[in-house]
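Here's a quick walk through this chain, from its overall build to the space enclosed inside. Have a look at the model first.

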Amino acid sequence: MTMELEVPIQPKLPFYLRGNYAPVADEIESFDLKVEGAVPEGLDGVYLRNGPNPAPGKHSGHWFMGDGMLHGLRLGGGKAHWYRNRWVKTRALEGVQMRDQFGRADRTVGASNTHVVPHNGQIYALVESSFPMRMSPDLETLGTTDFGGKLDSAFTAHPKICPETGEMHAFGYDWQAPLLVYFVIDRQGNYIQREEIAVAGPTMIHDFALTRNHAIFMDLPVVFDIERAMKGTMPYAFSDSYPARLGILKRGRPSSETRWVSLKPNYVFHVSNAYEEADGSIVIDVARYDEMWRANSGAFDDARMHRWTVRPGASAAVETPLDDRSIEFPRIDERLNGLPHRYAYAPMGAGKSMGVDQEFSLLARYDMATGKRTERDFGQAVMSEFVHAPKRADSAEDDGWLMGFVYDKPNNTSAFHILDAATLESQAKIHLPRRVPQGFHGSWAPGL
Ligand SMILES: [Fe+2]
């Protein structure tokens, strides 16, 4: 047994340090894990998941600021070979500050706590303030990359890999100029295009959208706030005066050709997917908040599945609510990144509103063709994002597996669940040697 940080019960702690959001205190590994059901023979690779896990003795000040920790699971030959967790060994973990006294950023410093994404045989742990951190398939930290000296901006935690070209499209934003830089990494890992996008001000841009022909940027009214920055918390606040817009740039074209369309005020962390229709309309499905961080940046409201449609020549997007339930972390079959998708999968709250504890106890499966939502209720459990993996390379969209961590509240334990994507029925439940805290995003890395 390893020493486990007890789940704090002090009610005054912020939600991200209580319950299953509380960090674990150490790194462990465990082999030949006990499985209920059967691990599919076709799943051969590593599942990796990133999230904030402040080191013992550190108080991160905000959910988004804790030191990154990866949790990994190696599957293959119908077995769950190992589980391990490792902090991303960043300079931030060693106590180095990212900005100097003049506010200048050192992009080799950052918490690397948000996502973990494979591309071109590499695995990158990502946080939107900093350079990607290269990781090994067994979760060891290899060092930051700037793509041969070409990356000169931050790097989003939500790059988009085009399934047709293998390119990784990404961006970096900051509150200092340049405010938004869009760039493309080709399938061999070369940084091949850089465009500065002319947003109207320093906004928080967590994600973006990619279609077969366009990159779409969300310039939304959560704006840099110097007073919050001075307090050392998330330096962004909702603005009633900043206009909400989408910037649409044709792939391969210069930023001067960016077309801007307006939206009603809102905030979005996560795009589910985007694609083009036959008439040239662009469809963008998002987890949309009415607003974000008005009073302070410590609380979250409810995000709901929402569709934006931008018709050719339109100056505003058509905005359509798709559901009234609270969801977040939507994912699709990534072979359809930027292409028309039918299904999306997202953790969902039990009631109409998530409340302060931010506990997801259901997994929702959206059928965009019928508008029907089905769900799997995990009861007294809390689940994180679920990631899709096709059963075979040529499987149909819904013929896949969904995988993610589920926390059993009554027993204070975690398991890794593999579900059938079409039915949400259990295929395998892999018992884990420890509680896995709520985290942000993960990836299935086949063959690694
Ligand atoms: Fe995210």
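## Contacts and ground rules

A contact here means heavy atoms within 4.5 Å. Take the contacts in the chain between residues at least 6 apart in sequence: 58% of these join residues at least 24 apart.

Keep in mind that this is a predicted model, where local features need pLDDT of at least 70, side-chain atom pairs count only at pLDDT 80 or more, and totals for chains, interfaces and linings use all residues. Numbering starts from 1 along each chain as its sequence is written, and side-chain values use heavy atoms, with hydrogens and water left out.

## Overall build

The chain has one helix and 32 strands (DSSP runs: H or I of at least four residues for a helix, E of at least two for a strand). Its radius of gyration is 20 Å, close to the 22 Å from the globule rule for 448 residues, so the chain is as compact as a globular protein of that length. That radius is taken over C-alpha atoms, and the rule is 2.2 Å times the number of residues to the power 0.38.

Along its principal axes, the C-alpha trace spans about 55 × 50 × 45 Å.

## Inside and outside

Of the 448 residues, 59% are buried, meaning under 20% relative accessible area with a 1.4 Å probe, protein chains only. The chain exposes about 17,600 Å², with carbon and sulfur atoms supplying 51% of it (Shrake-Rupley method, 1.4 Å probe).

Note on methods: Buried means under 20% relative accessible area, exposed over 50%, partly exposed in between (1.4 Å probe, protein chains only).
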